[in-house]
Amino acid sequence: MIPWQTLGEAHTPDGTRITLRQRGHEFLLLADGRSLMPSTITGSEQALAAVGCRQLTGQPHARVLIGGLGLGFTARAALDLLPPDAALVIAELVPEVHAWNQQFVGHLAGQPLTDPRTQVAIGDALAIIRADTDGFDAILLDVDNGPAEFAAHGNDALYGRAGLAAIRQHLRPAGVLAVWSAWEDHRFARRLAAAGFAVTLERVRGHGRRGARHLIYRAVPRR
Ligand SMILES: C[S@@+](CC[C@H](N)C(=O)[O-])C[C@H]1O[C@@H](n2cnc3c(N)ncnc32)[C@H](O)[C@@H]1O
């Protein structure tokens with residue numbers, strides 16, 4: 001058995017240790033030693049892009065935000081769906097994750113960062129959404145393992161009342177919020193509804209037809 005090798009270590013601003021490991025062709029991103037994103041189970045991360053962006057294939061000048069970068073699979077899937085004049089903003093909290101994508105793992109998802117439509121914004125996804133002035137047609141969130149903080153303390157702000165209100169405010173008309181989750185969270189669904197979203201839950205496979213079941217909350221502002 002090939003042993004895991006640590007390629008890099010970094011910390012979120014509030015101290016969570018983020019590590020990139022490699023074993024042969026496999027890569028793994030960890031948060032405080034717990035799996036955050038493996039390179040071998042990526043189906044639901046790609047499905048997140050499909051659920052959030054499938055309505056944008058023919059839309060001129062679509063703008064999409066992904067939080068965060070991870071190993072780039074959601075970004076690649078979004079780029080494959082979006083038209084040539086689209087813009088993709090990837091909000092990533094940890095600058096080293098960006099650097100690791102450039103140095104070690106960009107090939108895994110077909111180099112999404114070299115696509116001219118891609119722009120990486122280093123910082124907290126919610127702060128980047130709040131600072132934006134043009135609005136997004138889709139906001140795709142996969143910064144934790146579900147709508148509760150995991151990768152960084154403080155991420156709960158994204159999923160609470162104020163965070164959801166800010167997201168709603170920065171979605172364009174007919175915009176879509178899609179949130180990846182490893183579990184069903186009824187309270188999160190109720191908070192989405194209270195924030196003025198119509199919510200559907202999509203069940204997707206982690207890997208092929210047999211992998212673990214993951215969930216995607218698809219939320220559209222009620223008008
Ligand atoms: C589960 S991984 C994303 C996996 C990604 N969907 C993919 O396809 O590889 C979570 C990523 O979100 C980043 N992150 C965590 N909290 C964040 C925040 N508040 N804002 C932006 N990025 C964040 C982490 O550093 C990590 O790169």
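Start your selection at strands S1 and S2: these two form a hairpin with 5 residues between them, and Gly15 in the turn has a positive phi of about 105°. Helices (H or I, at least four residues) and strands (E, at least two) are DSSP runs, numbered from the N terminus.

Before going further, a note on what is loaded. This is a predicted model, where local features need pLDDT of at least 70, side-chain atom pairs count only at pLDDT 80 or more, and totals for chains, interfaces and linings use all residues. Residues are numbered from 1 along each chain as its sequence is written, and side-chain values use heavy atoms, with hydrogens and water left out.

**Stop 1: the sheet, strand by strand**

Keep S1 on screen and add S2, which covers residues 17–23. The two run antiparallel and are joined by 6 bridges; strands count as paired if DSSP finds at least two bridges between them. To see one position in detail, pick Ala10, which stands opposite Ile18 in S2.

Next, extend the selection to S3. How many bridges join S2 to S3? There are 6, and these strands run antiparallel. S2 and S3 also form a hairpin, with 2 residues between them. Click on Gly24 in that turn: its phi is positive, about 60°. Then select Arg23, whose bridge partner in S3 is Glu26.

Now add S4. Strand S3 spans residues 26–31 and is joined to S4 by 4 bridges, again in an antiparallel arrangement. Here the residue to pick is Ala31, with Arg34 as its bridge partner in S4.

Show the strands together. The 4 strands make an open sheet in the order S1-S2-S3-S4, with antiparallel pairing. Why is one side of S1 and of S4 left without a neighbour in the sheet? Strand S1 (5–11) and strand S4 (34–38) stand at the edges and each has a single partner strand, so one side of each has no neighbour there. Look along the sheet as well: neighbouring strands are turned by 25° against each other on average, direction ignored. For that angle, axes are lines fitted to C-alpha atoms (for helices over the stretch in contact), and angles run from 0 to 180 degrees between N-to-C directions.

As background for this view, strands of a sheet pair through backbone hydrogen bonds, either parallel or antiparallel.

**Stop 2: an aromatic cluster**

Clear the selection and pick Tyr159, Phe188 and Tyr217, which form one aromatic cluster. Rings of Phe, Tyr and Trp (its six-membered ring) pair if their centres lie within 6.5 Å; planes under 30 degrees apart count as stacked, over 60 as edge-to-face and the rest as tilted. The count by this rule is 2 aromatic pairs.

Begin with Tyr159 and Phe188: their ring centres are 6.0 Å apart and their planes stand at 90°, so the pair is edge-to-face. Tyr159 lies in helix H5 (residues 156–159) and Phe188 in helix H7 (residues 186–194), so the pair ties together parts that are 29 residues apart in sequence.

Then move from Phe188 to Tyr217. This pair is also edge-to-face, at 5.3 Å centre to centre with 90° between the planes. Tyr217 belongs to strand S11 (residues 213–221) and Phe188 to helix H7, so parts 29 residues apart in sequence are tied together here.

Are these rings buried or exposed? Tyr159 is buried at 3% relative accessible area, Phe188 is buried at 1%, and Tyr217 is buried at 2%. The classes are buried under 20% relative accessible area, exposed over 50% and partly exposed in between (1.4 Å probe, protein chains only).

**Stop 3: salt bridges**

Finally, turn to charged side chains. A salt bridge is a side-chain nitrogen of Lys or Arg within 4 Å of a carboxyl oxygen of Asp or Glu, and the count by this rule is 7.

- Select Asp132 and Arg63, whose side chains meet at 3.0 Å, N to O. Asp132 sits in the loop between helix H4 (125–131) and strand S8 (136–141), while Arg63 is in strand S5 (residues 63–67), 69 residues apart. Asp132 is buried at 15%, and Arg63 is buried at 13%.
- Select Asp80 and Arg76, which form a salt bridge at 2.9 Å, N to O. They are 4 residues apart in helix H2 (residues 73–81), a separation of about one helical turn. Asp80 is exposed, at 57%.
- Select Arg172 and Asp137, with their closest N and O atoms 2.9 Å apart. Arg172 lies in strand S9 (residues 171–181) and Asp137 in strand S8, so the pair ties together parts that are 35 residues apart in sequence. Arg172 is partly exposed at 22%, whereas Asp137 is buried at 4%.
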